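Hello,

I am handing over the structure we spoke about. Please look through it first; my notes on what was found follow below.

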Amino acid sequence: MHDETMASGVYLPEIGAAAERPVVNSRTLQFHGNAEDYFRIWIVNVALSLVTLGIYSAWATVRTRRYMYANTCLGGSPFDYLARPLPILKGRLLTALIFGIYALGGQFFKPAQFAAALLIAAFMPWMIVKSLMFRARYSSWRGLRFYFTDDYAGAYKWYLGVYFLMGIPLVAMGASSLTGHPIFGALLCVIGMIALYPWIKGNQQQWMVENHHFGGKSFKFNGDMGSYYSIYGLAALVALAWFMPTTGLFGALSPLLKGQINAHTKLPPISFVLAVYACMVPLYLGVWTFVHTRMTNMLYNQSQLGTYRFRSTLAYWPMLGIYLTNGLAVLCTIGLAMPWARIRMARYRAAHLEVIGGGDLSDFVRDAFSHGDIGATATELDSLLGIDIGL
């Protein structure tokens, strides 16, 4: 509304009118990679990794990530992956050593396997922090690198300490069984797990998001823990829905499966094992895809960076269709369709992730320089950042 002056007939703006709001723009990530180009990279990576007994896999990882990052654009600018292969190789050798001790200990020396299991549990939060630091530091956009805070205390809290809480329902179940109430104990255990697990997963996402930084700003997480309970509640219904056709498939195949079991051999025939897996894969994939899709959407939709927020719109059935057809294509081509499958998934995921805000995205670069946050682009700290575990 305006006031009209009788003398001039000019419309003046009303005093106290609301300030003009910035236009909110939505920018969708774009992926420009194609299966033909990536296949050339992939086939060389596979061949050299086989020839070098896996040592080249670190270089293969760098080549793959550089291709994927360079073909993922936001606001017309591609992402960059700047890591070198040697730290990745160091991380993989360390991981292989720990898990090798665990595997061999199971065969020859049980205490060594137990010690390796304790070592893995004790160092897992440290490895998670190291991996996230490495991945963030060597990922950049418009010349600015991401950054992850070395919050080891938070990692040990949310990736180790809270799991001790899950021992409480187990202790309650054991105590109830000893007093002659096993069903009541099992019910207590299930209720305890249902109460704890979504809360743990939500806090893990919050910890991971809020320790990331970019362009002089920290990511924020507006977490609604109740949403995690709804995800896992719906996942239980999805599991029930997939369980019924799986049971029907087992019932249809049971006469054939019984005929393959030989009472005189300890191990079932390979055809029997493959048939059981074929029945179970749809159930597992159906539930896993649901949880993965919803958790990914939750991670982005509750995150914010400065004045920008994110919107992830991954949908269950399209994701399940991509996973199923990708899996069949890879199986039927003995792995040669792997590049096509990966490009297809990357394109779908990029097309369903938006960055929403009123700026032009260049404010990240401007704010980073105004806060003196240019050191991240100018220094190399490999010796301090260490290794990429590949988590």
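**Transmembrane regions**

Residues 314–340 are 74% helix and 0% strand, with the C-alpha atoms at the two ends 20 Å apart. Please keep in mind that this is a predicted model. The stretch is one of those that UniProt, in an unreviewed entry, lists as "transmembrane region"; the others in that record are 39–59, 93–109, 115–134, 155–175, 181–200, 229–250 and 270–293. Over residues 39–59 the chain is 76% helix and 0% strand, and there the end C-alpha atoms lie 16 Å apart.

**Surface patch**

F39, I43, V44, L48 and L336 make a nonpolar patch of about 360 Å² on the surface. F39 belongs to helix α1, which covers residues 35–51. F39 counts as partly exposed because its relative accessible area is 31%, a value between the limits of 20% and 50%.

**Nonpolar cores**

The largest nonpolar core holds 63 residues, and Y81, W207 and F214 have the most contacts inside it. Helix α9 (residues 270–301) contributes the most to this core, with eight residues. A second core, separate from it, has five residues, among them M319, I322, M345 and Y348.

**Sheet**

An open sheet is built from five strands in the order β4-β5-β6-β7-β8, with antiparallel pairing. Its edges are β4 (30–31) and β8 (144–145), each of which pairs on one side only. Two bridges join β7 (residues 139–141) to β8 in the antiparallel sense. S140 has R145 in β8 as its bridge partner.

Regards

How values were computed: Residues are numbered from 1 along each chain as its sequence is written. This is a predicted model: local features need pLDDT of at least 70, side-chain atom pairs count only at pLDDT 80 or more; totals for chains, interfaces and linings use all residues. Side-chain values use heavy atoms; hydrogens and water are left out. Patches are made of residues with over 30% relative accessible area and no salt bridge: like charges are joined within 9 Å, nonpolar side chains (Val, Leu, Ile, Met, Phe, Trp, Tyr) within 5 Å. Accessible areas come from the Shrake-Rupley method with a 1.4 Å probe; for residues, only the protein chains shown count as cover. A salt bridge is a side-chain nitrogen of Lys or Arg within 4 Å of a carboxyl oxygen of Asp or Glu. Helices (H or I, at least four residues) and strands (E, at least two) are DSSP runs, numbered from the N terminus. Buried means under 20% relative accessible area, exposed over 50%, partly exposed in between (1.4 Å probe, protein chains only). A nonpolar core is a set of buried Ala, Val, Leu, Ile, Met, Phe, Trp, Tyr and Cys residues joined through side-chain atoms within 4.5 Å. UniProt positions are given in the numbering used here, feature names are shortened, and annotations may be inferred rather than shown by experiment. Two strands pair if DSSP finds at least two bridges between them.
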